[in-house]
Amino acid sequence: MVRQVSSVTVADRRAAPPVGGQRDSVRLTGVSKVFGRGESAVRALDNVSLEVPPGEFTCLIGASGCGKSTLLSLVAGLEQPTSGEVSAGGGRVAFMFQEPALFPWLTAAGNVELALRARGLGKAERRQRTEELLDTVHLTGFGGKRPHQLSGGMRQRVALARALAQDADVLLMDEPFGALDAMTRDVLHDELDRICAGRQLTILFVTHNVREAVRLGDRVVVLSSRPGRVIAEFAVPIEGPRRIDSAPVAELAARVTDRLREEMGRDGS
Amino acid sequence: MAANMPPPVDKSVPGYVEKLTYLESLEAPSEQRSRRLAARVWGGLWPIGLAILIVLALWQLIHLSGWKKAIFPGPGATLSNLWHQLQTGLLWQAIATTAQRAIIGFALAVLIGAVVGALVSRIRPLRAAVGSLITGLQTLPSIAWFPFAIILFGITTQAILFVIILGAAPSVANGLIAGVDYTPPLLLKAGKMMGLRRLSLYRYLILPASLPAFVAGLKQGWAFAWRSLMAGELLVIIANHPSLGVLLSTDQDQADMASATAIIIVILVLGIIVHSLFSLADGAIRRRWGLTGSS
């Protein structure tokens, strides 16, 4: 299903028949995105083709300015490609940003509940699901707090609960843990693993932290800078629970870093 | 290889995540212990009391200096005049009339301002046409409308209400438009990804997000409404209908300076009371949103 106009896509996605995990892949075919016109035009993405099969956790990595975030916005339907085709696979799409982007006038529970309300759930069901979701992200008992009363890690967990509340098939994550300290990030990696294990979630995860990418992803896709192109892909063949400081993760991360360095050297930057 | 690895943290130990959550919660901004009510009220009141004392002292000094002694009463004479007027029904009747006009006029201004603001912020062509007109109206001193209003409505309460609305509605509309305009783009993105569309986007995201700017608009609108009302009551004097403006005007005719000053004090106090109500609302929103800088 190819996206045309962003304002109809959510309705389309909602109307799409739920076929029990039999979604199509998230697919980008020859996608380019140019911002601006004439001399000041910036080519953010150049002829990017990428396929993420249902249920796969793909990490996108690259130096800043490689158009990673733009790529997510395209999949989300927040922006339209200049050329090429983007398909989110016909499922619902949720988005987690680097900032929690919680609504400050609502409590933690209120933020999660609003996502459920947007899906049209009834009051009793909303209340029950909100409680379950806050439990899932280990925020039991914090539902009544407002965002400014929570720490950065807790806010990001509320944002995760809110994204999960959308019951999406595709979860787009734009450096969601980038602003957190290493220890909090480590815990959230574990939680994300655990949450993904129970669901058929297709995840596109943008980061500039190579170890994080190897720690989380089934696959790591490396993008070049200005314009963004796919220059390398690494499958992550590490079975079982991974630790960010384990030898296999470090070893693969080193290979990915080498490839990134090579790319940056070519730029002369 | 395993020997080189650091000793693993056993994350399967029950309570590991709970412990971390607890540690994180320690890092969260500490609960602002609200001081006892009495202490808060005192903290708010003593600077006001001090300011009043300073004004009274300066006033008394000018009075003692003998400047325009014949017509310029000191604080003692004025305050006793005020005290006597407060015992009469006339002043209270005047306050009631003025308050009623203020409430009706301001309520209509808020209604009209909110509707116009909502339409203008929503409809792009209307924005281009009406947006600058609203700002223009806001800068136009509303007293300039009185000849227009008196010709249109005669010496009536409608004429006064008309000018109040023209004075206050643009500020209310502009407050709402500013609030809608400055809804953070990131929140808009988050709302759209959540599936909020059109009306629900307005109801659950844009309107609550624009609340602080809207309250600021209300506050400014009230100041304009109150000024327009006072100007109106001095210009549009309706017989047998005492209002604060009528009392002031009578004092002017009778050169009763003590009474005129007493009425001014009443007007000042009423204005301050309403203004602090808006400040309370503003403060409540800021605390709720975590926008207060103090700890």
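**Figure 1. An open three-stranded sheet in chain A of the predicted model, with strands in the order E2-E1-E4.** The pairing here is antiparallel. Strand E2 (42-52) and strand E4 (83-87) of chain A sit at the edges, each pairing on one side only. Neighbouring strands of this sheet are turned against each other by 25° on average, direction ignored. For a look at one seam, follow strand E1 (residues 26-35) of chain A, which is joined to E4(A) by four bridges. One residue pair to pick out is A:Arg27 with its bridge partner A:Ser87 in E4(A). As a reminder, strands of a sheet pair through backbone hydrogen bonds, either parallel or antiparallel.

**Figure 2. Strand E6 (residues 170-174) of chain A, mostly covered.** How many of the residues of strand E6 are buried? Five of its five residues are. In a regular strand the side chains alternate between the two faces of the sheet. On one side of E6(A) are A:Val170, A:Leu172 and A:Asp174; on the other are A:Leu171 and A:Met173. Both of these faces are covered. Just ahead of the strand, in the loop between helix H5 (152-165) and E6 of chain A, you will find A:Asp169. Is A:Asp169 buried or exposed? A:Asp169 counts as buried because 25 other C-beta atoms lie within 10 Å, where the cut-off is 20 or more. For a sense of distance, the C-alpha atom of A:Asp169 is separated by 27 Å from that of A:Ile231, a residue 62 places away along the chain.

**Figure 3. The parallel partners of E6(A), strands E5 and E7 of chain A.** Strand E5 (residues 93-96) of chain A pairs with E6(A) in the parallel sense over four bridges. Within this pairing, A:Met96 has A:Met173 as its bridge partner. Strand E7 (residues 202-207) of chain A also runs parallel to E6(A), and five bridges join the two. There, A:Leu172 stands opposite A:Leu204. Between E6(A) and E7(A) the chain passes through H6(A), making a right-handed β-α-β crossover.

**Figure 4. Helix H6 (residues 182-197) of chain A, checked against its expected length.** How far apart are the end C-alpha atoms of this helix? They are 23 Å apart, which agrees with the 22 Å that its 16 residues should span at 1.5 Å a residue. If the multiplication seems off, recall that the expected span uses one less than the number of residues. The buried residues in H6(A) include A:Thr184, A:Asp186, A:Val187, A:Leu188 and A:Leu192. An α-helix has 3.6 residues a turn, so residues three or four places apart point the same way. Stepping back to the whole of chain A, the secondary structure comes to eight helices and nine strands. Of its 269 residues, 44% count as buried. Among contacts in chain A with a separation of 6 or more, 73% join residues 24 or more positions apart.

**Figure 5. Chain B, with 12 helices and zero strands, and two of its positive phi values.** Read along the sequence, chain B follows an α-α-α-α-α-α-α-α-α-α-α-α pattern. Buried residues make up 28% of its 295 residues. Of the contacts in chain B with a separation of 6 or more, 76% are between residues 24 or more positions apart. Most residues other than glycine have a negative phi. B:Arg198, which is not a glycine, has a positive phi of about 40°. B:Arg198 lies in helix H9 (residues 198-209) of chain B, and is exposed, with 8 other C-beta atoms within 10 Å. B:Asn240 has a positive phi near 55°. This residue is in the loop between helix H10 (211-235) and helix H11 (244-253) of chain B. B:Asn240 counts as exposed because 5 C-beta neighbours are inside 10 Å.

**Figure 6. Confidence in chain B and in the complex.** The mean pLDDT of chain B is 85, and 87% of its residues reach 70 or more. Over residues 1-13 of chain B, pLDDT stays under 50. For that stretch the model has seven contacts beyond four places in sequence. Where pLDDT is low, the predicted coordinates should not be read in detail. For the complex, the predictor gives an ipTM of 0.81 and a pTM of 0.76.

Conventions. Residues numbered from 1 in each chain as written. Chains lettered and ligands numbered in written order. Predicted model: local features only at pLDDT ≥ 70, side-chain atom pairs only at ≥ 80, totals over all residues. Pairing = 2+ DSSP bridges. Axes fitted to C-alpha atoms, helices over the stretch in contact; angles between N-to-C directions. Buried ≥ 20, exposed ≤ 12 C-beta atoms within 10 Å, placed from the backbone. Contact = placed C-beta atoms within 7 Å. pLDDT = per-residue confidence, 0-100. Right-handed = clockwise from strand over helix to strand, strands pointing away.
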